[in-house]
Amino acid sequence: MDYKFIEELSLNHWQPLSTLLYDGWVLRFADGYTKRANSINPIHYSTCDLQEKIKECEKIYAAHHLPTIFKITPFVHPVHLDETLEEMGYTLLDTTSVQTLNLDHIGEPKLTSVVINEDATSLWLENFCRFSDVNAKDRNVMERMLSNIKTKKGFISFYYEEQVVACGLGVIEREYIGLYDIVTDQNYRNRGFGEQMILNLLKWGKENGAKYSYLAVVANNEPALRLYSKIGYSEIYKYWYRVKNGV
């Protein structure tokens, strides 16, 4: 199966503040908040001279005071882009596993103390930023990014003893629910709360037309890999970033 459409979903579901299309490449900008939203996605055919095109991208990102970052998937164009970037001094960072799950096979959550809103409330944002150590500037950027998502969203908060101990986001499109920003308060980790929250979010996804799920997890995040494997996710491909001068 061609999983390029998963890349399309991920572009839709984690929105930048602005986008520039350049000869088949998608250049994304979000004031530096996350590599995913501030990188070049070369997923369409390229016709320009490659080295000149890369240098032009470097100028564009420099003008926005951002490092030049490429997201390298199995679907990049041209196919030798990764080797060219390495030769030009780009460092490989954050190898990431993209995983999928058929929702026919998920279990029912045992703990159901959750609230799911279709917009990011101030409480959800406050809890996410606290759990993830997001600063005030990036919170403002993130809030704008989340408001740019045009398909159905579910912002979930998981409660334990009347306080939020985990939160996350699900975005539904084309029968897939993508999971983002899955985070548990560090004081409540390793107690199964993350798993229960995800099961609740996937149940909500099924109720709203999703038949499958996808997510991306950094390949050296062993606790997260174990959790997603337990739920039933399996890898379909990897991607990584190439960053100029290792910035």
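**Exercise 1. The hairpin formed by S1 and S2**

Task: In this predicted model, work out in which sense strands S1 and S2 pair, and over how many bridges.

Solution:
- Start with the two stretches: S1 covers residues 18-22 and S2 covers residues 25-29.
- Now look at how they run: the pairing is antiparallel, with 5 bridges.
- Pick one bridge to check by eye: Leu 21 has Val 26 in S2 as its partner.
- Finish at the turn: S1 and S2 make a hairpin with 2 residues between them, and Asp 23 in that turn has a positive phi of about 50°.

**Exercise 2. Asn 41: buried or exposed?**

Task: Find the strand that holds Asn 41, then decide whether Asn 41 is buried.

Solution:
- Asn 41 belongs to strand S3, residues 40-41.
- Its relative accessibility is 2%. The cut-off for buried is under 20%, so Asn 41 counts as buried.
- Now see what surrounds it. Leaving out residues up to four places away in sequence, Asn 41 touches Glu 7, Leu 11, Gly 24, Trp 25, Val 26, Arg 28 and Lys 71.
- Two of those names lead on to rings. The charged end of Lys 53 sits over the ring of Trp 25, 3.8 Å from its centre. As for Lys 71, its charged end sits over the ring of Tyr 239, 4.2 Å from the centre.

**Exercise 3. A ring pair**

Task: Describe how the rings of Tyr 239 and Tyr 241 are arranged.

Solution:
- You need two values here, because a pair of aromatic rings is described by the distance of the centres and the angle of the planes.
- For Tyr 239 and Tyr 241, the centres are 5.7 Å apart and the planes make an angle of 85°.
- Planes over 60 degrees apart count as edge-to-face, so that's the label for Tyr 239 and Tyr 241.
- Check the surroundings: Tyr 239 is buried at 3% relative accessibility, and Tyr 241 is buried too, at 4%.
- For the wider picture, the whole structure has 17 aromatic pairs. Ring pairs also link Phe 5, Trp 14, Tyr 176, Tyr 180, Tyr 212 and Tyr 214 into a cluster.

**Exercise 4. Around strand S10**

Task: Say how S10 pairs with S5 and with S9.

Solution:
- Take S5 (residues 90-102) to begin with: 7 bridges join it to S10 (residues 212-218), and the two run antiparallel. One bridge to look up is Asn 102 with Tyr 212.
- Next comes S9, which pairs with S10 in the parallel sense over 3 bridges. Here Ile 177 stands opposite Ser 213.
- Now trace the connection: S9, helix H6 (residues 193-207) and S10 make up a β-α-β unit, and it is right-handed.

**Exercise 5. The largest nonpolar core**

Task: Find which element gives the most residues to the largest nonpolar core.

Solution:
- This core has 33 residues, and those with the most contacts inside it are Tyr 33, Trp 124, Phe 128, Leu 146 and Leu 169.
- Elements giving two or more residues include helices H1 (4-13), H4 (122-132) and H5 (136-147), along with strands S8 (163-173), S9 (176-184) and S11 (234-244).
- H4 gives the most, with 5 residues.
- Zoom in on Trp 124: beyond its neighbours within four places in sequence, its contacts include Met 142, Leu 146, Phe 155, Cys 167 and Leu 169.
- Apart from this core lies another, of 26 residues, including Ile 106, Ala 166, Leu 179 and Met 197.

Methods
Residues are numbered from 1 along each chain as its sequence is written. This is a predicted model: local features need pLDDT of at least 70, side-chain atom pairs count only at pLDDT 80 or more; totals for chains, interfaces and linings use all residues. Side-chain values use heavy atoms; hydrogens and water are left out. A nonpolar core is a set of buried Ala, Val, Leu, Ile, Met, Phe, Trp, Tyr and Cys residues joined through side-chain atoms within 4.5 Å. Buried means under 20% relative accessible area, exposed over 50%, partly exposed in between (1.4 Å probe, protein chains only). Helices (H or I, at least four residues) and strands (E, at least two) are DSSP runs, numbered from the N terminus. Contact means heavy atoms within 4.5 Å. Two strands pair if DSSP finds at least two bridges between them. A crossover is right-handed if, with the strands pointing away from the viewer, the path from the first strand over the helix to the second runs clockwise. Rings of Phe, Tyr and Trp (its six-membered ring) pair if their centres lie within 6.5 Å; planes under 30 degrees apart count as stacked, over 60 as edge-to-face and the rest as tilted. A charge sits over a ring if NZ of Lys or CZ of Arg is within 6 Å of the ring centre and within 35 degrees of the ring normal.
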